[in-house]
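Visitor: Got a minute to go through this model with me? I'd like to start with the surface and then see where the charges go.

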Amino acid sequence: MQESDLVVLRNEENASPDRFRQWDPNRQFRREYYERHGRDPTYEEIVRNAEEHGRSVNEEPVEGATEQHAEPLASPMSRKIEEEEAPLSRQTTSSSASTSSFTSSRSVAQGACLEETRTVRSTNTRPRGFTDSTQQSCGTILQRHPTERHPVALTRIETHRSQHAGTVGASPVPSHLSRTITRRKTEKPLPSLGAGKPFPPPLPDREEYVVEFDGHDDPLHAQNWTTKKKLSMGVMLAFDALSTCMGSSIISSATGLVAAEFGVGREVGTLGTSLFVFGYAFGPLMWAPISELYGRRPPLVIAAFGFSIFTIAVAVAKDIQTVMICRFFSGLCGSSPLAIVVAAFADMFSNEVRGLAVAVFSATVFMGPIMAPFISGFITESYLGWRWTMYVSSFMGFLTFGLLLFFFEETYPPVVLINKAAELRRRTKNWGIHAKQEEIEVDFKELIIKNVSRPMRILFTEPIVLLITMYMSFIYGLLYIFLTAYALVFQGVYGWSSGVSGLAYFGMITGELIAFVVVVLTNPRYVKKLKANNNIPVPEWRLPISMIGAVLFSGGLFWFGWTGYSGNVHWIVPVLSGLFTGFGIFSIFLSLLNYIVDAYLMFAASAIAANTFMRSIFGGIFPLFATQMFEGMGIQWASTLIGCVAVLLAPMPIFFYLYGKKIRAKSKFAPAPDIAQDKKRDEERVGSEERVGSEESSVNGNGSREREQAKEKERNKHD
């Protein structure tokens with residue numbers, strides 16, 4: 001028997017029979033067990049028989065033999081009664097206490113050979129393994145605490161382990177103390193405590209002091225909050241994302257005024273938008289691992305405050321350098337909700353409704369940049385001036401900061417347990433109580449690998465990530481090109497004011513809302529297919545809506561350019577082109593983002609980090625040449641150029657829908673559980689067909705033998 005099998009058996013040694021009720025609803029197996037083993041000898045009878053035969057049951061086991069357990073054996077019925085009366089913690093502490101006392105007496109007898117570590121690793125204690133707060137694995141075996149047998153709890157464990165492994169790493173890192181102790185053990189003898197003090201007795205197993213959730217329905221867990229509480233937290237997070245995304249483009253209407261005030265060219269003034277988006281590229285590399293170590297609340301609160309302060313600094317800037325530097329750091333802080341809000345939604349919502357929550361978040365992310373221009377347009381036209389666009393953005397940031405500081409609660413389960421452990425330490429005065437997350441020591445080398453090296457390696461070695469990222473980056477860049485294109489069409493051609501021209505973006509906003517409604521209506525169908533497939537996602541199921549969106553997005557670009565360049569067509573026609581472009585932007589982004597998540601699973605964090613980095617770079621670069629392109633080529637031909645590129649990229653969702661599974665099968669990072677399941681089904685089908693064929697051949701063989709025997713009998717009769 002392998003060690004992994006022994007671990008599984010040890011985990012089950014004290015399990016209550018009632019835990020298996022779901023597999024034996026009629027108690028048939030339990031009745032059969034008691035009928036067969038109800039009269040087995042008890043532990044006392046075994047001891048008595050052993051003494052009568054001159055043997056001892058407490059003999060030391062030989063080397064390599066299975067280790068004896070401290071708890072005595074008992075009959076099935078007595079053990080059942082004992083487990084019902086005793087609390088769960090007793091099942092682990094009893095063996096731990098006996099082992100600790102045995103080790104303590106042995107250490108006193110040995111004297112100078114005292115162990116150099118003060119914590120005793122109990123051998124008879126059941127391994128706790130993973131809890132909702134545990135983020136490390138023992139090899140490849142997933143051990144679980146007995147209270148976490150519920151499927152919901154197991155799903156949460158896997159989710160949080162995947163999140164943690166994708167950011168701060170999951171490999172155990174030896175602490176500085178353990179490395180120091182190991183080095184000193186070989187260099188010099190163990191020093192004394194001094195003052196004639198004897199060595200204190202060893203401490204119990206530290207696992208007995210680890211706090212955990214009280215079952216899968218513990219109200220402390222964010223997924224068990226009331227619907228009202230979840231919605232209130234979700235609204236705060238969505239508003240945080242909306243305020244920062246609006247901040248990225250709210251200065252776009254004031255680009256000319258900023259350039260004129262500080263005596264720079266329009267291209268330099270456009271850097272106010274580009275540098276903010278560049279901050280989006282680098283911010284998640286910092287905020288994501290912080291949220292996995294210290295929870296979602298601290299980075300969100302700190303980033304909201306930083307975003308507001310740097311936005312105020314732009315509003316009171318006295319030179320162009322201050323504007324540019326503060327816009328970059330404002331974007332760096334504003335990227336925090338982009339990196340954390342989706343993870344917070346994953347903490348709060350189950351798989352069935354998580355997709356809808358992420359869709360709401362995506363809607364705020366894409367509506368923010370195109371809602372801001374009409375607000376900033378009316379402000380810049382008024383006596384307030386361009387600086388008040390920054391004041392308004394900072395007011396939204398400070399409002400978000402206040403909401404998060406006073407009303408937002410921590411959603412990350414490991415940090416929730418840290419807070420629970422802190423309260424228990426304070427009220428019980430027991431300094432040993434702690435959460436598993438508090439045992440983690442940060443390895444900065446692994447942080448760099450997880451958050452920089454691996455995303456870049458996946459980006460340039462995985463064709464799926466590379467091609468999809470290029471497509472999404474192109475579309476994200478066009479989102480910020482529209483800030484220039486709409487101004488040129490509706491201000492330059494139709495002669496609208498800055499504020500009124502911003503209202504033309506509502507055509508695009510309406511298209512995004514339509515796409516959101518389609519996603520909501522099609523989500524139950526996807527959930528039904530997922531359950532029918534044993535909850536194993538097939539990434540290609542996400543792509544049909546992006547196929548439609550890619551075609552509509554390309555058509556919307558031609559529609560906008562060739563109806564808005566002359567001013568002879570009614571203004572509503574180019575405005576309505578936003579229905580196609582808005583639907584395409586939202587559907588393509590949401591569909592392809594989910595495709596990456598389903599395809600790469602535990603490596604999805606790295607793949608999305610690479611995607612976010614490249615598309616933010618595109619989003620910052622595209623506005624820098626937008627004015628020259630549309631003015632030099634003409635609105636209609638510039639729109640034709642980007643429309644042709646969109647047409648060339650439009651078949652990409654269809655390509656991955658047809659050949660994505662074959663590409664994923666050759667990938668080094670995509671786990672492809674759906675492909676493994678299909679192979680298993682094919683093998684089972686082939687095996688069943690072979691069995692049926694062998695049975696038919698055996699039946700045919702028996703039938704031919706019977707016919708030959710009948711003919712032989714007939715010949716014998718005639719003879």
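Visitor: Which residues form the nonpolar patch on the surface?

Guide: Keep in mind that this is a predicted model. The patch is made of Phe-305, Ile-309, Tyr-383, Leu-384, Trp-388, Phe-395 and Phe-398. Together they have about 720 Å² of accessible area.

Visitor: And which helix supplies the largest share of it?

Guide: Helix 16, with 3 residues. Helix 12 (297-315) and helix 16 (387-406) each give at least two.

Visitor: Where does Phe-305 lie, and what's its relative accessible area?

Guide: Phe-305 is in helix 12. Its relative accessible area is 39%, so Phe-305 counts as partly exposed.

Visitor: OK, charges now. How many salt bridges does the count come to?

Guide: The count is 11. One of them pairs Asp-598 with Arg-542, at 2.7 Å from N to O. Asp-598 sits in helix 23 (residues 572-600), while Arg-542 is in the loop between helix 21 (506-532) and helix 22 (544-564), so the pair ties together parts that are 56 residues apart in sequence.

Visitor: Are those two buried or exposed?

Guide: Asp-598 is buried, at 9% relative accessible area. Arg-542 comes out at 21%, so that one is partly exposed.

Visitor: Which residues are linked in a network of salt bridges?

Guide: Arg-206, Glu-207, Lys-436 and Glu-439. Within that group, Glu-439 and Lys-436 have their closest N and O atoms 3.4 Å apart. Lys-436 is buried at 16%, whereas Glu-439 is partly exposed at 24%.

Visitor: What about Glu-292, what does that one pair with?

Guide: Arg-296, with the closest N and O atoms 3.2 Å apart. Both Glu-292 and Arg-296 are buried.

Visitor: Then there's Arg-615. How far away is the nearest side chain of opposite charge?

Guide: That's Glu-512, 12 Å away. Arg-615 is buried yet has no salt bridge, and the cut-off for one is 4 Å.

Visitor: So what does the side chain of Arg-615 make a polar contact with?

Guide: The side chain of Asn-611, at 2.7 Å. Arg-615 is in helix 24 (residues 604-633). Leaving out residues up to four places away in sequence, Arg-615 touches Met-472, Ser-473, Tyr-476 and Phe-589.

Visitor: Last one: Leu-356. What does it touch further along the sequence?

Guide: Setting aside residues up to four places away, Leu-356 touches Phe-516, Val-520 and Asn-523. Leu-356 and Phe-516 are 160 residues apart in sequence but 9.0 Å apart in space, C-alpha to C-alpha. Leu-356 itself is in helix 15 (residues 351-381).

Methods. Residues numbered from 1 in each chain as written. Predicted model: local features only at pLDDT ≥ 70, side-chain atom pairs only at ≥ 80, totals over all residues. Heavy atoms only, no water. Helix = DSSP H or I, 4+ residues; strand = E, 2+ residues; numbered from the N terminus. Buried < 20%, exposed > 50% of the residue type's maximum accessible area, 1.4 Å probe, protein only. Lys, Arg positive; Asp, Glu negative; His and termini not counted. Polar contact = N/O pair within 3.5 Å; in protein donor to acceptor, adjacent residues only side chain to side chain. Contact = heavy atoms within 4.5 Å. Patch = residues over 30% accessible without salt bridge, like charges linked within 9 Å, V, L, I, M, F, W, Y side chains within 5 Å. Areas by Shrake-Rupley, 256 points an atom, 1.4 Å probe, with all protein chains shown as cover.
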